[in-house]
Amino acid sequence: MSLDRKKVLNTSLAAGLILILAGITYPAFAQKKFLERIRKHYLLGQETGKCLLCHAPKEKEEPGKKNLNVYGKALQADPDMKIALGKEGEYKFTEAELAAFEKAVINIECLDSDGDGATNREELDLGTFPGDPASKPDPKKLEEYRKAKAKK
Ligand SMILES: [Ca+2]
């Protein structure tokens, strides 16, 4: 076996093992569907289309309802989210529940949940975290974005 192939094999074995371990330790990934939905809605890239969008887990913590960040909390508090809350583990969300989640996401677009001066929508469109005041759009980019929006 060539060294490259061995490397690939080792990497995929390691990745597989991590997946198995994650599955054993954390069976509750129901909310992954929310992440998929919001990724699709805003066409989010790798930078922000991940758990940290709504969660602020402490070291050794997994993303969960106990460590939502301010943006995650705002979503949770939105009345439209109600029917989609409290689902655990392998729960399969219905289309209506996922649509309710998407509605909640849109409802809070105009808020600036983390108080950094850019709205949630602006942050999502510009690739920063709406639940982390330390992550905010570049002022120039934000100005250009607002100008372009005003023209429409
Ligand atoms: Ca913000």
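In which helix does Glu97 lie? In this predicted model, Glu97 lies in helix H4, and the views below begin with that helix before turning to its surroundings.

**View 1. Helix H4, residues 95–107, and its two sides.** Helix H4 is made up of 13 residues and reaches 18 Å from its first C-alpha to its last, close to the 18 Å expected at 1.5 Å a residue. Ala100, Phe101, Ala104 and Val105 are buried in H4, and because these residues cover an arc of only 145 degrees around the axis, they fall on the same side of the helix. In general, an α-helix has 3.6 residues a turn, so residues three or four places apart point the same way. Glu95 and Ala96, on the other side of H4, are exposed. What covers the buried residues of H4 includes helix H2 (32–42) and helix H3 (70–77).

**View 2. The surroundings of Glu97 in helix H4.** Glu97 is classed as partly exposed, because 19 other C-beta atoms lie within 10 Å, whereas a residue needs 20 or more to count as buried. When neighbours within four places in sequence are left aside, Glu97 is in contact with Ile83 and Ala84. The C-alpha atoms of Glu97 and Asp80 are separated by 9.2 Å, and these two residues are 17 residues apart along the chain.

**View 3. Phe101 and the largest nonpolar core.** The largest nonpolar core has 14 residues, and those with the most contacts inside it are Leu75, Met81, Phe101 and Ala104. The elements that give two or more residues to this core are H3 and H4, and H4 gives the most, with four residues. Not counting residues up to four places away in sequence, Phe101 touches Phe34, Arg37, Met81 and Ala84.

**View 4. Leu43 and its positive phi.** Leu43, which lies in the loop between H2 and H3, has a positive phi of about 50 degrees although it is not a glycine. Most residues other than glycine have a negative phi. Leu43 is exposed, because 9 other C-beta atoms lie within 10 Å and the limit for an exposed residue is 12 or fewer.

**View 5. Lys60 in the loop between H2 and H3.** Phi of Lys60 is near 70 degrees, which is a positive value in a residue other than glycine. Lys60 has its place in the loop between H2 and H3, and because 5 C-beta neighbours are found inside 10 Å, Lys60 counts as exposed.

Methods:
Residues numbered from 1 in each chain as written. Predicted model: local features only at pLDDT ≥ 70, side-chain atom pairs only at ≥ 80, totals over all residues. Expected span 1.5 Å × (residues − 1). Arc of directions from axis to C-beta. Contact = placed C-beta atoms within 7 Å. Core = buried A, V, L, I, M, F, W, Y, C linked by C-beta atoms within 7 Å.
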